[in-house]
Amino acid sequence: MANETDTERQLLQHQIRLTQADHTLKALFSRDSDRAARLTFEAPHLTADFSKQHIDSSSLSVLLRLAEEKNLQQAISNLFAGQQVNNTEQRAALHMALRGHIPSAAPEVAEEIKRTQQQMADFVNAVHNGAWLGQDGGAITNIVNIGIGGSDLGPAMVTAALQDYLNPGITCHFVSNVDPAQIDSALAGLTPESTLFIIVSKSFGTLETMQNAERAMAWFKAHGGSKQHISRHFVAVTTNLPAAVSFGISEDNVFPMWDWVGGRYSLWSAAGIAIALATSWQTFVDLLAGAAAMDQHFLNQPLEENVPVIAGLLSVWYRNYWQAESQAILPYSQPLHLLPSHLQQLDMESLGKQVTRDGVSVQQDTGAIIWGCAGTNGQHSFHQLLHQGTSLIPAEFIAIACPASADRWEPHQHLLANCFAQSRALMTGKSTEEVEAEMLAAGASTEEIKRLAAHKVVPGNRPSTTLLLGRLTPQSLGSLLAYYEAKVFVQSAIWQINAFDQWGVELGKQLSRPIASRLLTERNSATRATTSENSATLDPSTEQLISLCLKTQDSNNTR
């Protein structure tokens, strides 16, 4: 890196030292009987075991010194105080306020939050106790949440994760893709009189969301939904009240959003009302409480004992000093199967930046590719790459100690065994000597051993963290999600980038509009030629793709 500080040079030296044969993970454990205990830390509702990471006391102390030099503690204080940490949009990031931490710089948000949460509670309880009924006087049994990005990924993930807390009388469906196949599939088998639509869009103008909202409204009317009963079946979460009312939604059915809550943090706001409807209002309150507990840990715990701080520093360590381009998120819990998708947005949208907060080109790599799936499925697909591939890919395992019910106890032990075995296998691997001895004991010939041994060697020394939750509850889930939010912020502070804007997302939206116009209006060859002459010039590839699609549509009579 250009303009390296002494601390950064020391980190590079530590990285070189820790790649030596006498500093493998196995060697570090063999020399330090207390390593596991010393590198395991407690936070609200979770325990983090960092002992299988390429760190020791010396390198960790230098990472903590880097945090001090980058004024991480001050950055955390500024975040919680409500300062304009989103400097490009001149906004604070106040999602923690939704969880109870009211910032000193914005005390006025307390009343707004209280009023909105009361509105949410009243609505959720009315749907659940039968005070809010459909147009035929029957109960609402299906919720269709229409959003995209954070207004879809977060609520969908949490609802799936809290499957043991679901209201048995309500089924929740999530629609985000502008591909009509998704909403058509969600609506199949539903009836207007028992279905409630939630349209979540900060601007109430997002193309994908509004396309699906319009399709939902058309379906409602075409299947017997009456105009006078739209108010019983459509609600909105938005900052744009006039647009929601113009669409046909009653003003009383509009829940507010705020500019100070980014989309990837919006599940804590009214954008998460589907979570409460799918479960209960108390479940949503408990989710907020779990996140609030982690917020307090992040704000108040010393850096050297602060779990998201250590995790964030490790991510910087691997990205900048070990050239790790990706990180695997491996929840050994089927209810958490959507967590990697949610974290892709949280991490990659926040950290995918090429300039600092001051607009100067960054001097190091920022952000990593986040990917993964629920264990044990990954063991039979991509774990091969983790164990024997040529790339260093730090992994984060998430394990739940206690099953949701007693009848799941035995299979749950096998699930835990697989989780712990995978992290152990990544660390220990299997040497040539071990492979040969194992094959010999199994009766393999000398020739067979010579032919296959190299293929069976697993190098090991691959880093991983294990997060252990006692149970998967609303509180522990809230704490886990707040941990990841804090971890992302730590990285942004070290890299001096803005974690709360996403200008790169906007470009594709802008470019899609003229292309959509072309695809929608050029219905025949003559029109196509005229429109093309007068339209803005596109690149040859895009022009060709538009032309090919239109010709194919013509030949198949699909327009």
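Two elements are in contact here when they have heavy atoms within 4.5 Å of each other. That definition is needed for helix α13 (residues 307–321), which lies across β1, β2 (46–49) and β8 and runs at about 130° to β1. The model is predicted.

**The mixed sheet**

The strands touched by α13 include β1, β2 and β8. These strands belong to an open sheet of 6 strands, in the order β1-β2-β11-β10-β8-β9, with mixed pairing. β1 (40–43) and β9 (369–371) stand at its edges with a single partner strand each, so one side of each has no neighbour in the sheet. From one strand to the next, the twist averages 20°. Strand β8 (residues 326–332) runs parallel to β9, and 3 bridges join the two. Ala328 has Trp371 in β9 as its bridge partner.

**The parallel sheet**

Strands of a sheet pair through backbone hydrogen bonds, in either a parallel or an antiparallel way. Another open sheet has 5 strands in the order β4-β3-β5-β6-β7, and its pairing is parallel. Its edge strands are β4 (171–175) and β7 (254–256), each of which pairs on one side only. Neighbouring strands of this sheet are turned by 20° against each other on average, direction ignored. Strand β6 (residues 234–238) pairs with β7 in the parallel sense over 3 bridges. Within this region, Thr238 stands opposite Pro256 in β7.

Helices α8 and α9 both touch strands of the parallel sheet. The table lists them along with α13, which lies across strands of the mixed sheet.

| Helix | Residues | Strands touched | Angle |
|---|---|---|---|
| α8 | 180–187 | β3 (142–146), β4, β5 (195–200) | about 170° to β4 |
| α9 | 207–222 | β3, β4, β5, β6 | about 160° to β5 |
| α13 | 307–321 | β1, β2, β8 | about 130° to β1 |

**Helix α6**

Helix α6 (residues 109–129) has 21 residues. From its first C-alpha to its last it reaches 30 Å, close to the 30 Å expected at 1.5 Å a residue. An α-helix has 3.6 residues a turn, so residues three or four places apart point the same way. The buried residues of α6 are Val109, Ile113, Thr116, Met120, Ala121, Phe123, Val124, Ala126 and Val127. What covers these buried residues? The cover includes strands β5, β6 and β7, together with helices α11 (273–278) and α12 (281–300). After α6 comes Gly130, which has a positive phi near 90°.

Notes
Residues numbered from 1 in each chain as written. Predicted model: local features only at pLDDT ≥ 70, side-chain atom pairs only at ≥ 80, totals over all residues. Heavy atoms only, no water. Pairing = 2+ DSSP bridges. Helix = DSSP H or I, 4+ residues; strand = E, 2+ residues; numbered from the N terminus. Axes fitted to C-alpha atoms, helices over the stretch in contact; angles between N-to-C directions. Expected span 1.5 Å × (residues − 1). Buried < 20%, exposed > 50% of the residue type's maximum accessible area, 1.4 Å probe, protein only.
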